[in-house]
Amino acid sequence: MPASSDARPDPTPAPPATSTSTAPPAPPPATGSESATGSETVPLTDTGTSPETATDARPYRGGDPYADYRGGEFPFTALVDLAGRRLGGGVIAANDEFFAERENLLLPGPAVFDPRAFGHKGKVMDGWETRRRRGADADRPFPADGDHDWALIRLGAPGVVHGVIVDTAHFRGNYPQRVSVEAAAVPGTPSARDLLSDAVRWEPLVPPAPVRGHTANGFAVDAERRFTHLRLCQYPDGGIARLRVHGTVVPDPEWLGLLGTFDLASVVHGGAVEGASDRFYSPPTNIIQPDLARQMDDGWETRRRRARGGHDWVRFRLAGHGEIRALEIDTAYLKGNAAGWAAVYGCDATAADPADAASWYEILPRTALRPDSPHRFRLAAPATATHLRLDVFPDGGIARLRAHGALTATGQARLVERYAALTE
């Protein structure tokens, strides 16, 4: 891999909490694969009237609503959000959404707070919020132990979940006391009734755990199985702003076999970013998203390089051992800051070590790029690889990279083997 003279090293995040984030407060977390950085600690409100208030955030008193937000850095946020709307994720159903709609859970970007927004049901919140649960009668006004609300989530890209963020941004005194997350693997496109039937086996990813208000509550997950759906529960009621489900995509090998030729680098087919020289403006995972870029920050853009002799790069792991027949490099919306030139290299990890610079071979020689334009390259002969490296000279931005081809017999066999191991 080439050296990068001013490459920004990836930050080393703090280990995730097993129940809830205990990191210092931070500004809103990035919506892609970048995690938030810390900011000044703000004391919590504790009136001493009940144990729950120790986890409350202060009531909003004006100014920046994120000034006292309690964020954190979690290693798993470098992985793709399997539930992202752009990948096809959706909230299928919820038992209650009286105050705020369930669909808000998967919206891209941090939750928005408008202190003046009220509707006929009360405060308008950017999240999923249920009504207050009550007990059986006046002698038992509180809900029973175990009472909870739930939402069913379809993962846009089924795969192995490595971490979950349950974000309670702006829910300062109306967040749930505890949350839990369960997962299931159900083929096809099941309905809410199908998912709620006794035939579905739900596996706990996050057992009922306490959460804090106005906080990015992070949970590391250790479950080496492929899942398609989640059930998010909040005890006994309350509001959750966002749900992020970070993990690795595990595509269905039968479907890829039917497709024949597909984008071997795409995140929905199992492609992933393994490293990059610079992540200053936007994460490199953006360039293997399945859709087209929508604006300038929807691609990968590096800082301006001042030291001569270096260049920026991104390394990808492909969906599997495959033959690449054509490449696309798109610089959409990058007009004054697109990369000037690009080159693409391949490596076959079944025969060589990607860590050895000599293992990489040229697929696309250094080629001039035009701003805000698609570029298509037909390869003279298929290039066999498990990894790609995109080099840009000297710096700048790329919106999308596509590597069109097909899995080899070896690649298909290994994917079938992995799929079976994660679904049996």
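Two strands are taken to pair if DSSP finds at least two bridges between them. In the predicted model analysed here, strand β14 (residues 272–276) and strand β16 are joined by 4 bridges and run antiparallel, with A276 having V314 in β16 as its bridge partner. Strand β16 spans residues 312–330 and is connected to strand β19 (residues 374–393) by 14 bridges, again in an antiparallel arrangement. Within this pairing, R317 stands opposite H387 in β19, and G322 has A385 of β19 as its bridge partner. A further antiparallel pairing, of 8 bridges, joins β16 to β21, where L327 is matched with A403 in β21. Strand β16 is mostly covered, since 14 of its 19 residues are buried. Strand β19 in turn pairs with strand β17 (residues 341–347) through 7 bridges, the two running antiparallel, and A342 has V392 in β19 as its bridge partner.

The interior of the model was examined next. In soluble globular proteins, nonpolar side chains tend to be buried together. The largest nonpolar core comprises 82 residues, of which L205, I324, L327 and I329 touch the most other members. Strand β6 (residues 149–167) supplies the largest share of this core, with 8 residues. Another core, of 10 residues, lies apart from the largest one and includes A93, V186, L195 and V200. When residues up to four places away in sequence are not counted, I329 touches A342, V344, L364, L369, S373, P374, H375, F377, L390, I398, R400 and L401.

The last of these partners, L401, lies in strand β21 (residues 400–407), and its relative accessibility of 0% means that L401 counts as buried. With neighbours within four places in sequence left aside, L401 is in contact with D263, I287, I288, F316, E328 and I329. The C-alpha atoms of L401 and L327 are separated by 7.4 Å, although the two residues are 74 positions apart along the chain.

Charged side chains were also considered. Side chains of opposite charge can pair when their charged atoms come close. The structure holds 22 salt bridges, among them one between D96 and R131, whose closest N and O atoms are 2.6 Å apart. Because D96 lies in the loop between β2 (90–94) and β3 (118–119), whereas R131 lies in the loop between β5 (128–129) and β6, the pair ties together parts that are 35 residues apart in sequence. D96 counts as buried because its relative accessibility is 11%, whereas R131, at 42%, counts as partly exposed.

A second salt bridge is formed by the side chains of R402 and D263, with an N to O distance of 3.8 Å. This pair links distant parts of the chain, with R402 in strand β21 and D263 in strand β13 (residues 262–263), 139 residues apart. R402 is buried, its relative accessible area being 11%, and D263 is likewise buried, with a relative accessible area of 8%. D263 is also among the contacts of L401.

The side chains of E328 and R376 meet in another salt bridge, at 3.5 Å from N to O. Here E328 belongs to strand β16 and R376 to strand β19, so that the pair links parts of the chain 48 residues apart. E328 is partly exposed, with a relative accessible area of 21%, whereas R376 counts as exposed, given its relative accessibility of 70%. In addition to these pairs, R86, D291, R294, D298 and R400 are linked in a network of salt bridges; R400 is also one of the residues touched by I329.

On the surface, W255, L258 and L259 form a nonpolar patch, with about 350 Å² of accessible area together. L258 lies in helix α2, which spans residues 253–259. Since exposed residues are those with over 50% relative accessible area, L258 counts as exposed at its relative accessibility of 65%.

Notes
Residues are numbered from 1 along each chain as its sequence is written. This is a predicted model: local features need pLDDT of at least 70, side-chain atom pairs count only at pLDDT 80 or more; totals for chains, interfaces and linings use all residues. Side-chain values use heavy atoms; hydrogens and water are left out. Patches are made of residues with over 30% relative accessible area and no salt bridge: like charges are joined within 9 Å, nonpolar side chains (Val, Leu, Ile, Met, Phe, Trp, Tyr) within 5 Å. Accessible areas come from the Shrake-Rupley method with a 1.4 Å probe; for residues, only the protein chains shown count as cover. A salt bridge is a side-chain nitrogen of Lys or Arg within 4 Å of a carboxyl oxygen of Asp or Glu. Buried means under 20% relative accessible area, exposed over 50%, partly exposed in between (1.4 Å probe, protein chains only). A nonpolar core is a set of buried Ala, Val, Leu, Ile, Met, Phe, Trp, Tyr and Cys residues joined through side-chain atoms within 4.5 Å. Contact means heavy atoms within 4.5 Å.
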